[in-house]
Amino acid sequence: MSAAASAPAFRHHKIPTPKSEPYICIAGPDHRLWFCESGASTIGRLDVDTGAFDEFALPQAHAMPIGITPGADGNMWFCAKKANKIGRITMNGAITLFDLPTANAGPDGTLVGPDGNVWFSESDASQIGRITPQGEVTEFKNGITPGSRPLSIVVRDGALWFSEAAGNRIGRMTTDGQATEFPIPSHDSQPRAMTTHPDGSIWFVETSTNALGRIDRDGRITEHPVTTPDSSLRGVCVAPDGDLWFTANAANRIGRMTPDGRVVGEYPIPVADAGARCICAWPDGRLFFTAFDAGLIGEVVP
């Protein structure tokens, strides 16, 4: 945790494909940054040391890939929201798409679960899905409020935890598909991105409330406001030192908060109207974020 508020350095890496609209980004097993190009129906990969890009077009146009995660099988798995499919891409770029049983389910966030399967949210169906490495899909809705719009997923205590953007709740689902919901104190907070902290808590952005939320192991939720009004928070991650870093889309800033809820700084992105979305921490302390509107990957060096 840093007591200093010195401004970080920024770099940016322009994605080769125009109108790429990058969304979720995450480290892959090849130590490169993988991300979804939602506007180009493409999966991208960045070598964070050389700045070199690889891009892999999906076999279906206008698929809108959103969430992506490394699987237990060594491949990357992603959600193709408009195509209503879950995708798998190998390190060599070979792509396979799997249909979902529920029509127009809206697959969105995804993460490998404690059981080794890939789990994902179905935001338009208010369900959580599971896909095995062989492509077998199961969907669960027990205990999830209809119309709640589940989005981001993380893993804690052997279960899946997820944000409900329209339900104003944080959900917890066991690997046998039973869900419990925890209401957020503020009304219509719009929880979105989530991240786990080494202290056992889960942090999440509250887009409408302009705060970061924290849910402890007992399900207690506290809320921690950021400094700039109407920031439209979108992404959050934990850096190696334990601080939280977040993206402020409307404010065009990257922010930093300590685990006790103190804002260290909110730093202007040196690209106008970047549209910052997801943010991902690298082991060496750097952070990378997707700039949806600017079509680039941003790099933050604290």
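A disulfide, for this notebook, is a pair of cysteine sulfur atoms within 2.5 Å. I am working from a predicted model, in which local features need pLDDT of at least 70 and side-chain atom pairs count only at pLDDT 80 or more, while totals for chains, interfaces and linings use all residues. Residues are numbered from 1 along each chain as its sequence is written, and side-chain values use heavy atoms, with hydrogens and water left out.

**Entry 1: cysteines**

I counted disulfides first and got zero. C278 is in none, and its nearest cysteine sulfur, that of C25, is 3.8 Å away. Why is C280 not bonded to C25? I found the two sulfurs 5.1 Å apart, which is too far for a bond, and C25 is the closest cysteine to C280 by sulfur.

I then checked burial, where buried means under 20% relative accessible area, exposed over 50%, and partly exposed in between (1.4 Å probe, protein chains only). C278 is buried at 14%, and C280 is buried at 9%.

**Entry 2: the largest pocket**

C25 and C278 turned up again here. I noted that I24, C25, S152, M194 and C278 lie nearest the centre of the largest pocket, out of 34 lining residues. The elements giving two or more residues to that lining are β2 (22–27), β6, β10, β14 (150–156), β18 (191–196), β22 (233–238) and β26 (276–281). The space in this pocket comes to about 900 Å³.

My terms, for the record: on a 1 Å grid over the protein atoms alone, a pocket is an open set of points with protein on both sides within 12 Å along at least five of seven lines, a cavity is a set where a 1.4 Å probe fits but cannot get out, and lining residues have an atom within 4 Å of a point. Grid points are joined across faces, edges and corners, and a volume is the space filled by probe spheres set on the points. Strands are DSSP runs (E, at least two residues) numbered from the N terminus.

**Entry 3: T110 and β6**

I went to T110 in strand β10 (residues 107–112). Is T110 buried or exposed? T110 is buried, at 10% relative accessible area. A polar atom of its side chain lies 2.9 Å from the backbone oxygen of W119. I listed its contacts (heavy atoms within 4.5 Å). Beyond neighbours within four places in sequence, T110 touches G67, I68, T69, W77, C79, V118, W119 and F120.

I followed I68 next. Strand β6 (residues 65–70) has five of its six residues buried. β6 runs antiparallel to strand β7 (residues 76–80), joined by four bridges; I call two strands paired if DSSP finds at least two bridges between them. The partner of I68 in β7 is F78. The β6–β7 hairpin has five residues between its strands, and G74 there takes a positive phi near 90°.

**Entry 4: β28 and the largest cavity**

What does β28 pair with? I found strand β1 (residues 9–14) antiparallel to β28 through six bridges, and strand β27 (residues 287–291) antiparallel to β28 through five. G298 in β28 faces H12 and also stands opposite F289. Five of the six residues of β28 (residues 296–301) are buried. In the β27–β28 hairpin, with four residues between the strands, G295 has a positive phi near 70°.

I counted two cavities of 30 Å³ or more, and the largest holds about 50 Å³. Its lining is F10, R11, H12, I269, P270, V271, F289, L296 and G298, so H12, F289 and G298 appear there too. β1 gives the most to this lining, with three residues.

**Entry 5: loops**

I looked for positive phi outside glycine. Q190 has one near 55°; Q190 sits in the loop between β17 (179–183) and β18 and is partly exposed at 22%. D273 has one near 50°; D273 sits in the loop between β25 (263–268) and β26, and at 62% relative accessibility D273 counts as exposed.

Last, I checked P133, in the loop between β12 (127–131) and β13 (137–140). P133 is partly exposed at 30%. Which residues does P133 touch? I found D73, W77, R88, G116 and N117, not counting residues up to four places away in sequence.

Technical notes. A polar contact is a pair of N or O atoms within 3.5 Å; within protein, one must be able to donate a hydrogen and the other to accept it, and residues adjacent in sequence count only if both atoms are side-chain atoms.
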